[in-house]
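Here's a quick briefing to read with the model open beside you. Take a look at the fold, then work through the notes by topic.

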Amino acid sequence: MKKLAISLMAATLLAPAALAQGTLPGPKTVDLGSGLHVIIGSGGNIGLSAGADGVFVIDDQYPASAPANLEKIKAIAGAAPDYLVNTHWHADHAGGNTAFGTAGAMIFAHENVRKRLTAEVPSTGIDGKAWVAAPHIALPVITFTEGADFHLNDETIRVVHVKASHTDGDAMVWFVEPNVLHMGDLFFNGVYPVIDLRSGGSVRGYLDVMKETLAKVDDKTKIIPGHGDVGTKADLAKQIAMLDGAVKAVDALVKKKRTLEQVIAARPLKPWANYAWSFISEESFTTTLYNGLKQ
Ligand SMILES: [Zn+2]
């Protein structure tokens with residue numbers, strides 16, 4: 001009994017540290033030079049290239065934040081977006097498509113983004129509900145399978161599809177000459193990532209793509225994550241180390257044929273508990289890794 005009381009007290013004393021959470025930055029706009037900016041707010045980070053040839057935008061967050069984001073873009077670029085690339089179909093990245101399309105942006109995305117937005121492929125939204133087709137104006141006008149190069153504002157903007165990872169329709173965007181990369185949701189800087197198995201995502205694919213990307217960046221590359229602050233190669237390496245460790249820890253239990261309940265109880269992600277945040281708890285990320293690795 002005495003032992004129990006002591007261990008309970010120890011648990012109480014340890015609780016604040018165990019509950020420490022990863023956090024995301026508040027709303028702000030970051031100037032990366034070379035006409036490139038990042039708008040950090042609610043939802044996925046918006047990338048922006050503004051120059052003589054036009055206004056090129058990556059992602060547009062939620063419907064509710066779209067009018068304010070369009071105003072921010074006009075204030076920086078002097079005009080509404082001409083081109084918009086969706087890194088994937090999630091509503092915190094493509095939810096502003098209706099407003100941006102109405103404002104005149106031509107929308108580009110991987111073909112699977114369009115298939116999910118139209119509900120041609122039945123999908124579950126980030127709210128967990130069955131997806132209902134987006135309005136016509138919100139749909140990508142041009143779709144690609146491998147990628148596309150844009151030649152704008154004295155820059156090569158290389159949009160590259162990556163294999164099944166966060167979803168089955170992800171693209172990253174390289175600003176080649178300025179050495180800036182927008183990774184979409186293949187990079188959550190400092191917090192557990194979302195790996196959307198219901199949208200064709202893959203745990204092993206996600207880790208593969210992160211590692212392949214690490215090999216392509218250098219110490220000067222500015223990396224725009226889908227969520228979190230603009231990072232460096234070192235930040236990406238740290239995130240990969242977390243995910244690599246977490247995958248190995250959960251996979252060891254999967255190989256021992258443990259049930260999901262047993263794995264959650266064993267807390268294999270305890271060394272990385274501080275990556276939990278408002279949207280992804282340690283338990284929910286454990287569940288994603290377990291389900292993904294069992295596939
Ligand atoms: Zn996403």
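Strands here are DSSP runs of E with at least two residues, and helices are DSSP runs of H or I with at least four, both numbered from the N terminus. By that reckoning, S49 sits in strand β3 (residues 46–51). Bear in mind that the model is predicted, with local features needing pLDDT of at least 70, side-chain atom pairs counting only at pLDDT 80 or more, and totals for chains, interfaces and linings using all residues. Residues are numbered from 1 along each chain as its sequence is written, and side-chain values use heavy atoms, with hydrogens and water left out.

**The seven-stranded sheet**

- Seven strands make an open sheet, ordered β1-β2-β3-β4-β5-β6-β7, with mixed pairing; strands count as paired if DSSP finds at least two bridges between them.
- The edges belong to β1 (28–33) and β7, each with a single partner strand, so each has one side without a neighbour in the sheet.
- On average, neighbouring strands in this sheet are turned by 20° against each other, direction ignored; the axes behind such angles are lines fitted to C-alpha atoms, for helices over the stretch in contact, and angles run from 0 to 180 degrees between N-to-C directions.
- As a reminder, strands of a sheet pair through backbone hydrogen bonds, either parallel or antiparallel.

**Around β6**

- Strand β6 (residues 106–110) has four of its five residues buried, so the rest of the structure largely encloses it; buried means under 20% relative accessible area, exposed means over 50%, and partly exposed is in between (1.4 Å probe, protein chains only).
- Strand β5 (residues 83–85) runs parallel to β6 and is joined to it by three bridges.
- Looking at individual bridge partners in β6, Y83 goes with M106, and V85 goes with F108.
- β6 also pairs in the parallel sense with strand β7 (residues 142–144), again over three bridges, and there H110 has F144 as its bridge partner.
- To get from β6 to β7 the chain goes through helix α5 (residues 111–117), giving a right-handed β-α-β crossover; right-handed means that, with the strands pointing away from the viewer, the path from the first strand over the helix to the second runs clockwise.
- V132 lies in the loop between α5 and β7, and its 64% relative accessibility makes it exposed.
- V132 and L117 are 15 residues apart along the chain, and their C-alpha atoms are separated by 8.0 Å.

**Two residues to click on: D31 and S49**

- D31 is in strand β1 and counts as exposed, at 56% relative accessibility.
- The D31 side chain reaches the backbone nitrogen of G33 at 2.8 Å; a polar contact is a pair of N or O atoms within 3.5 Å, where within protein one must be able to donate a hydrogen and the other to accept it, and residues adjacent in sequence count only if both atoms are side-chain atoms.
- Leaving out residues up to four places away in sequence, D31 touches L36 and H37, where contact means heavy atoms within 4.5 Å.
- From D31 to L48 it's 17 residues in sequence and 9.6 Å in space, C-alpha to C-alpha.
- S49, by contrast, is buried, at 0% relative accessibility.
- The S49 side chain makes polar contacts with the side chains of N153 at 3.1 Å and E155 at 3.4 Å.
- Beyond residues up to four places away in sequence, S49 touches a list of residues including G35, V55, F56, I157 and F175.

**The five-stranded sheet**

- Another open sheet has five strands in the order β8-β9-β10-β11-β12, with mixed pairing.
- β8 (147–152) and β12 (222–224) stand at its edges with a single partner strand each, so one side of each lacks a neighbour in the sheet.
- Neighbouring strands here are turned by 15° against each other on average, direction ignored.
- Strand β10 (residues 171–175) runs antiparallel to strand β11 (residues 180–182), with three bridges joining them, and F175 has V180 as its bridge partner in β11.

**Helix packing**

- Helix α7 (residues 233–255) packs against helix α9 (residues 282–294) at an angle of about 65°, and their axes are 9 Å apart.
- The crossing of α7 and α9 is right-handed, meaning the near helix is turned clockwise from the far one by less than a right angle, whereas anticlockwise would be left-handed.
- The residues meeting there include L243, V247 and V250 in α7 and F285, L289 and L293 in α9.
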